[in-house]
Every structure is written in structure tokens, then in C-alpha cells.
Amino acid sequence: MPDVYCGPAPAPQTLLFAWNFDFIALALCAALLGLHRFSGSREGRPALIAGTFFLALLFLSPLCALTVSLFSARVAHHALLIAVAAPLLALAFRKVRFPAPALPLSALVAVNALLLWFWHVPQVYEVAIVGTLPYWTMQLSLLGAAFALWRAVLAPAAHPGSAIFALLATMVQMGMLGALLTFARAPLYAAHFGTTQPFGLSPLADQQLAGLIMWVPASLPYLVAALLLLSAQLAPASRRVR
């Protein structure tokens with residue numbers, strides 16, 4: 001199999017030293033900082049710094065190398081990308097106007113679901129993790145779709161009911177993918193058949209762990225955001241009752 005992006009599979013004893021200085025990741029972070037500055041917006045800078053720093057950690061830290069060994073690390077990487085980095089960046093660019101027309105929330109939910117499931121199809125995944133172009137096509141499409149969804153949900157003019165439904169619908173489809181991975185009777189991702197044992201996991205156990213990550217932790221930011229939006233809507237009503 002050709003070399004996987006992020007380098008060779010690390011051993012547990014060398015993992016802490018598996019940092020890299022990926023030019024594309026650094027360029028992405030610089031572009032985000034420059035775009036925000038060019039926009040003239042003075043709001044969202046703490047979220048911008050946090051989101052950019054988080055992106056740098058995802059792609060430059062040993063987590064990138066660990067994704068070569070463990071499918072569960074890859075799923076955790078994707079979950080952090082779309083459920084932590086994306087909302088932080090959405091908050092940073094919340095009031096920045098983009099020239100592209102915004103899609104309705106229902107379409108954004110569908111696009112996010114389609115991309116998430118597509119990139120985790122075993123045959124597609126095998127191609128996506130090899131080579132610069134497919135790897136960054138996967139990463140940027142997931143990040144871009146998640147950013148657009150979070151930005152629409154967090155927009156000041158967003159309809160609260162629609163935003164809550166979009167968050168819960170995304171959470172449900174992620175849970176369905178997680179359940180599918182967790183209860184599969186055989187390992188599906190051949191790229192990790194020979195890389196999990198040094199970390200004390202069989203390929204099937206690694207896949208089950210990936211499913212649990214997708215099913216529960218990855219869904220929590222969506223649930224928390226939905227609950228915060230709901231509480232914000234209920235708070236004025238409760239004050240009126242008093």
C-alpha cells in the first residue's frame with residue numbers, strides 16, 4: 001500500500017516525537033488569520049485564535065501520526081475537526097459576510113451527513129488517506145461543510161427551532177454511523193489491519209472504539225449547543241411567567 005498521509009504508522013514508544021510541520025496545515029491556519037484580519041471584523045478574535053490553534057494541533061501534533069495506526073484516532077480527529085474546530089471558527093466568522101449564497105439549514109444538514117458517511121465508506125477511506133490531494137479533499141470538505149452548518153446555526157438571525165432541529169438531526173446521523181461501526185461483526189478498514197496491535201487493540205476492537213467515539217463524544221457538542229439554544233428560548237418565557 002502507498003505511504004499514508006501523516007507518515008508511517010508510529011510505534012507507541014515513538015508517538016510523542018511524531019510531530020510534523022505540514023506546509024498545507026500551516027498555510028490553512030495563516031489563511032484563516034489573514035482572512036479574518038482582511039474582513040475588518042473586530043469580533044470573534046478569541047474564537048479565531050482558539051480555532052486556529054486547535055487546527056494546528058490536529059494536523060501538526062502526534063495525533064496526525066496516530067491516525068495512521070488507529071482508525072479510532074482517525075475518527076477522533078474527524079470528530080474534533082467538525083465538532084470543535086468548526087464551531088470555534090464559525091463563532092470567529094459569525095458576523096463576517098461571504099459572497100457565496102448561504103444554503104438552507106436542511107441542505108447543510110444533508111451535505112454534512114453525506115460527506116461524513118461518504119468519507120467513511122471503507123473503499124473511499126482507503127483512497128482518501130493516501131496522497132496529498134485526496135487527504136486534504138477529505139479534511140477540507142468535512143471542515144468546510146461543518147463550518148457552514150455551525151455558522152448558519154449560530155447566526156444571529158437563525159430561527160431557533162430550525163437551528164435546534166439541524167443540530168439534533170446531525171447528532172442522530174452521527175450516532176447512526178457510530179452504531180454501525182460499533183456493531184459491525186468484522187473489521188472493515190484494511191489500512192489498519194496491521195497497525196493496531198502495537199497499541200493493544202485488534203482491528204475490530206479499534207473499529208468498535210471508533211464507533212463509540214462517533215456515537216457519544218462526537219455528538220455531545222451538538223447536543224450541548226441545542227440545549228443552550230433551547231434554554232435561551234425558554235428563559236424569556238419563564239421570566240414572563242414570574
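In which helix is Ala152 found? In this predicted model, Ala152 is found in helix α7, and its surroundings offer a convenient way into the structure. With a relative accessibility of 22%, Ala152 counts as partly exposed, since a residue is called buried only under 20%. Leaving aside residues up to four places away in sequence, Ala152 touches Leu105, Leu108 and Ala158. A further relation across the chain links Ala152 with Pro104, for the two are 48 residues apart in sequence, while their C-alpha atoms are 8.4 Å apart in space.

Two of those contacts, Leu105 and Leu108, are among the buried residues of helix α5, and the path therefore leads on to that helix, which covers residues 105-119. Helix α5 has 15 residues and reaches 21 Å from its first C-alpha to its last, close to the 21 Å expected at 1.5 Å a residue. Its buried residues are Leu105, Leu108, Val109, Asn112, Ala113, Leu115, Leu116 and Trp119. Seen down the axis of α5, these buried residues fall within an arc of 165°, so they line one face of the helix. The spacing behind such a pattern is a general one: an α-helix has 3.6 residues a turn, so residues three or four places apart point the same way. On the face of α5 that is turned away from the buried side, the exposed residues are Ser106 and Leu114. The buried residues, for their part, pack against α4 (71-92), α6 (122-128), α7 (132-154), α8 (160-183) and α9 (203-215).

Helix α2 (45-60) can be read in a similar way. At 1.5 Å a residue, its 16 residues should span 22 Å, and the end C-alpha atoms are 22 Å apart, which agrees. In α2 the buried residues are Ala47, Leu48, Gly51, Thr52, Leu55, Ala56, Leu58, Phe59 and Leu60, and they pack against α1, α3 (62-69), α4 and α7.

Two of these α2 residues, Leu58 and Phe59, reappear as contacts of Cys64, whose place is in helix α3. Is Cys64 buried or exposed? At 2% relative accessibility, Cys64 counts as buried. Apart from residues up to four places away in sequence, Cys64 touches Cys6, Asn20, Leu58, Phe59 and Tyr135. The C-alpha atoms of Cys64 and His192, which are 128 residues apart along the chain, are separated by 15 Å.

One of the contacts of Cys64 is Cys6, which lies in the segment before α1 (23-39). The backbone at Cys6 deserves a second look, as Cys6 has a positive phi of about 90° although it is not a glycine. The segment before α1 also holds Pro12, which at 36% relative accessibility counts as partly exposed. Pro12 touches Pro198 and Phe199, when residues up to four places away in sequence are not counted, and its C-alpha atom is separated by 9.8 Å from that of Ser69, a residue 57 places away along the chain.

The next topic is charge pairing. How many salt bridges does a search of the whole structure find? The search finds 1 salt bridge, which Lys95 forms with Glu43, the closest N and O atoms being 3.4 Å apart. Lys95 lies in the loop between α4 and α5 and Glu43 in the loop between α1 and α2, so the pair ties together parts that are 52 residues apart in sequence. Lys95, at 52% relative accessibility, counts as exposed, whereas Glu43, at 44%, counts as partly exposed.

The surface also carries a nonpolar patch of about 900 Å², made by Leu168, Phe183, Leu212, Trp215, Val216, Leu220, Leu223, Leu227, Leu230 and Leu234. The elements that give two or more residues to this patch are α8, α9 and α10 (220-241), and α10 gives the most, with 5 residues. Phe183, one of the patch residues, lies in helix α8 and, at 60% relative accessibility, counts as exposed.

Helix α9, which contributes to the patch, is also the place of Ala205. Ala205 is partly exposed, with a relative accessible area of 26%. From Ala205 to Ser141 the distance is 28 Å, C-alpha to C-alpha, and the two are 64 residues apart in sequence.

Notes:
Residues are numbered from 1 along each chain as its sequence is written. This is a predicted model: local features need pLDDT of at least 70, side-chain atom pairs count only at pLDDT 80 or more; totals for chains, interfaces and linings use all residues. Side-chain values use heavy atoms; hydrogens and water are left out. Helices (H or I, at least four residues) and strands (E, at least two) are DSSP runs, numbered from the N terminus. The expected span of a helix is 1.5 Å times one less than its number of residues. Buried means under 20% relative accessible area, exposed over 50%, partly exposed in between (1.4 Å probe, protein chains only). The arc is that of the directions from the helix axis to the C-beta atoms. Contact means heavy atoms within 4.5 Å. Patches are made of residues with over 30% relative accessible area and no salt bridge: like charges are joined within 9 Å, nonpolar side chains (Val, Leu, Ile, Met, Phe, Trp, Tyr) within 5 Å. Accessible areas come from the Shrake-Rupley method with a 1.4 Å probe; for residues, only the protein chains shown count as cover. A salt bridge is a side-chain nitrogen of Lys or Arg within 4 Å of a carboxyl oxygen of Asp or Glu.
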